[in-house]
Amino acid sequence: QVQVVESGGGLVQPGGSLRLSCAASASSFRFAFVGWYRQAPGKQRDLVASIDRGGVTNYSDSVKGRFTISRDNAKKTAYLQMNSLKPEDTAVYYCNVRWTTEYWGQGTQVSVSS
């Protein structure tokens, strides 16, 4: 069973930054497709950023230019650098690590408020 653990969430003021981490227990992490999702109260879970095994990234329009996804295969960890945060970025952020099977972390809360 693969374990996926997110960390780095918290409370930040508008315009601030946070970096989320997603650590996976699988030695084959370097072959995985990794996505960061978020879910606000009463809303569906949406994909905000992804990175494939070759390092190709994609972003939702709502975060493009503000968020950066990256990965360190040696550490079996993916990151989501979030800059210029807005109140509408408030949500629980989840990491999804996928081969033929996918695994989710437990989520980390990000709150953007003054």
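## A tour of rings and strands

Start by selecting Tyr37, Tyr94 and Trp104, which together form one aromatic cluster. Keep in mind that this is a predicted model.

Stay on the cluster and add arginine 45: the charged end of this residue sits over the ring of tryptophan 104, 4.7 Å from the ring centre. For another arrangement of this kind, select arginine 71 and phenylalanine 29, where the charged end of arginine 71 sits over the phenylalanine ring, 4.9 Å from its centre.

Now back to tyrosine 37, this time with the backbone shown. Its bridge partner in E9 is tyrosine 94. Colour strand E4 (residues 33–39) and strand E9 (residues 91–98): the two run antiparallel and are joined by 7 bridges. Is E4 mostly covered or mostly open? Mostly covered, as 5 of its 7 residues are buried.

Next, bring in strand E5 (residues 46–51), which is antiparallel to E4 and shares 5 bridges with E4. Select valine 34 and you will find isoleucine 51 of E5 opposite. Then follow the hairpin from E4 to E5: there are 6 residues between the strands, and glycine 42 has a positive phi near 80°.

Finish with more rings. The model has 3 aromatic pairs. Select tryptophan 99 and tyrosine 103: their ring centres are 6.0 Å apart and the planes meet at 70°, so this pair is edge-to-face. Switch on a surface to look at how covered each partner is. Tryptophan 99 counts as partly exposed because its relative accessibility is 23%, whereas tyrosine 103, at 18%, is buried; the cut-off for buried is under 20%.

Methods
Residues are numbered from 1 along each chain as its sequence is written. This is a predicted model: local features need pLDDT of at least 70, side-chain atom pairs count only at pLDDT 80 or more; totals for chains, interfaces and linings use all residues. Side-chain values use heavy atoms; hydrogens and water are left out. Rings of Phe, Tyr and Trp (its six-membered ring) pair if their centres lie within 6.5 Å; planes under 30 degrees apart count as stacked, over 60 as edge-to-face and the rest as tilted. Buried means under 20% relative accessible area, exposed over 50%, partly exposed in between (1.4 Å probe, protein chains only). A charge sits over a ring if NZ of Lys or CZ of Arg is within 6 Å of the ring centre and within 35 degrees of the ring normal. Helices (H or I, at least four residues) and strands (E, at least two) are DSSP runs, numbered from the N terminus. Two strands pair if DSSP finds at least two bridges between them.
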